[in-house]
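Hi,

Here is the structure I promised to pass on. Have a look, and my notes follow below.

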2 protein chains.
Amino acid sequence: MDLLLLATLRRGPLHGYAVVEELRGTSEGAFDLAEGTVYPALYRLEAAGLLASTWSTASGRRRRTYRLTARGRAKLARERKEWRRFAEAMTEVVA
Amino acid sequence: MDLLLLATLRRGPLHGYAVVEELRGTSEGAFDLAEGTVYPALYRLEAAGLLASTWSTASGRRRRTYRLTARGRAKLARERKEWRRFAEAMTEVVA
DNA sequence: GGCAATACTTTGCGATCCGAGGTATTGAAA
DNA sequence: TTTCAATACCTCGGATCGCAAAGTATTGCC
């Protein structure tokens, strides 16, 4: 989840709902994450200092927009490495 | 976990402890799973009818040897497909 | 005799995913 | 004009699960 969210925000800030839709889109439905999953995960990442958020209003709806912090970018880099290592090991075992 | 264990047993039966060692080996330490993880997972898979086990004794030590059932093989095939789909989606998002 | 390795078991904590329900606003359809 | 889908957020509770930790028992080496 952490990697998923950090990666989704790597191209620029997005608000929570947009993150959900982005993930539904780019993964062709493979990651159809419930809001009850994504929102708490975003809070967690912000609490950990990996994301920062700001409130705004667009067409009468309040939005909370998240962006990567420096630590978030560093974490993303680590997580990507870890994912590659994991995927390789899986391929090795499952092959 | 399920995929990991089913895949490890696809070449033939192994007893629990051997499964742990096998996973440590083929993944070059990437999957250093605690026994408290593997044994309960094996019980779960057996309870689900995906594995079957038989007791034996080798050099004074009792062993529980697991093998894939027909349903286990079917499950393995499904899980492999699912893994590939997941890995592709991850690559798409993380790329 | 002691200690590492083999082999299996159980308990309990912490993390986390998700379904389900809730609030509020906008805009289009009926 | 009322209703409903879509947008956008929040929160609770159940269920699962990985793992650390501790325990039992045997063999075999030092």
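Let's start at the DNA: α3(A) supplies the largest share of the surface near DNA strand C, with 6 residues. Helices here are DSSP runs of H or I with at least four residues, strands are runs of E with at least two, and both are numbered from the N terminus. "Near" means that a residue's C-beta atom, placed from the backbone, lies within 6 Å of the molecule or strand.

Before going on, some housekeeping. This is a predicted model, where local features need pLDDT of at least 70 and side-chain atom pairs count only at pLDDT 80 or more, while totals for chains, interfaces and linings use all residues. Residues are numbered from 1 along each chain as its sequence is written, and chains are lettered from A and ligands numbered from 1 in the order in which they are written.

Back to the DNA. Strand C is surrounded by 24 residues, and the closest are A:Met1, A:Gly36, A:Gly60, B:Gly16 and B:Tyr17. At least two residues of that surface come from each of α3 (35–47) of chain A and α2 (16–26), α3 (35–47) and β3 (61–68) of chain B. By type, the surface near strand C has 9 nonpolar, 7 polar and 8 charged residues. For that split, Ala, Val, Leu, Ile, Met, Phe, Trp, Tyr, Cys and Pro count as nonpolar, Asp, Glu, Lys and Arg as charged, and the others, Gly among them, as polar.

Now α3(A) itself. Its 13 residues should span 18 Å at 1.5 Å a residue (the expected span is 1.5 Å times one less than the number of residues), and the end C-alpha atoms are indeed 18 Å apart. Which of its residues are buried? They are A:Val38, A:Leu42 and A:Leu45, where buried means 20 or more other C-beta atoms within 10 Å of a residue's own, exposed means 12 or fewer, and partly exposed is in between, with C-beta atoms placed from the backbone. Seen down the helix axis, these buried residues fall within an arc of 65 degrees (taken from the directions from the axis to the C-beta atoms), so they line one face of α3(A). That fits the usual geometry: an α-helix has 3.6 residues a turn, so residues three or four places apart point the same way. The face turned away from the buried side carries the exposed residues A:Gly36, A:Pro40 and A:Ala47. Just after the helix, A:Gly49 takes a positive phi of about 80 degrees.

Next, the two chains together. 18 residues of chain A are in contact with 19 residues of chain B, contact being C-beta atoms, placed from the backbone, within 7 Å. On the chain A side, α4(A) brings the largest share, 10 residues, and the residues there divide into 12 nonpolar, 3 polar and 3 charged.

In chain B, β2 (residues 51–58) runs antiparallel to β3(B), joined by 8 bridges (strands pair if DSSP finds at least two bridges between them). B:Trp55 has B:Arg64 as its bridge partner in β3(B). The hairpin of these strands has 2 residues between them, and B:Ser59 takes a positive phi near 45 degrees. β1 (residues 14–15) of chain B also pairs with β3(B), antiparallel over 2 bridges.

Overall, chain A has 4 helices and 3 strands, in the order α-β-α-α-β-β-α. Of its 95 residues, 23% count as buried.

Cheers

Notes:
Two residues are in contact if their C-beta atoms, placed from the backbone, lie within 7 Å.
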